[in-house]
Amino acid sequence: MRLCLALLACLCALIAPAAVGAGTPVRGIVVSDAWMRATPPGASVAAGYLVIANGTSREDELLAVSTPAAARIEMHSSSVKDGIMRMRMLTSVRVAPRATVRFEPGGLHLMFIELRAPLVAGATVPVTLRFRRAGAVPVRLEVRALSGG
């Protein structure tokens, strides 16, 4: 199991482009507080969270998200209606000029589907955000302890 995780980590490092650090702008987009929780053995899905700031005077739009750590990533919004939590898949997320969009527990989030290996606390997961204007923005999500946020 540890060998599989080590191989996945090496593969991710080779495939993923250089990661954007917190506060580093890419064509006006700044991504910060990118994280997700560790997963128990056998889990096939996980949620990811981050903050996107658009430092430009023009609207941008997050169109897609990808990673070598899962078969696919979907953007979802969660809401409570009539006491029932509902989750809806989104095809894009708009980021207004000079505005911030938060992907956080209970709201917008990234759903990692068909994980290729368990997520271990202390690791990072490479992700590429694809924006209409800014293009590809590489990010690394910190994997935090299952009990932590």
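Of the 149 residues in the protein, 42% are buried, that is, under 20% relative accessible area with a 1.4 Å probe and protein chains only. The structure is a predicted model, in which local features need pLDDT of at least 70, side-chain atom pairs count only at pLDDT 80 or more, and totals for chains, interfaces and linings use all residues. Residues are numbered from 1 along each chain as its sequence is written, and side-chain values use heavy atoms, with hydrogens and water left out.

One helix and 10 strands are present, where helices (H or I, at least four residues) and strands (E, at least two) are DSSP runs numbered from the N terminus. Along the sequence, the order is α-β-β-β-β-β-β-β-β-β-β. Among contacts (heavy atoms within 4.5 Å) with a separation of 6 or more, 68% join residues 24 or more positions apart.

The largest nonpolar core (buried Ala, Val, Leu, Ile, Met, Phe, Trp, Tyr and Cys residues joined through side-chain atoms within 4.5 Å) contains 34 residues, of which Ile52, Leu62, Phe103, Phe112, Leu129 and Phe131 touch the most other members. Apart from this core lies another, of five residues, including Trp35, Ala47, Tyr49 and Ile113.

One aromatic pair was found, the rule being that ring centres of Phe, Tyr and Trp (its six-membered ring) lie within 6.5 Å; planes under 30 degrees apart count as stacked, over 60 as edge-to-face and the rest as tilted. Trp35 and Tyr49 form this tilted pair, with 4.7 Å centre to centre and 40° between the planes. Trp35 belongs to strand β1 (residues 29-37) and Tyr49 to strand β2 (residues 45-54), 14 residues apart. Both Trp35 and Tyr49 are buried.

Terms used:
Buried means under 20% relative accessible area, exposed over 50%, partly exposed in between (1.4 Å probe, protein chains only).
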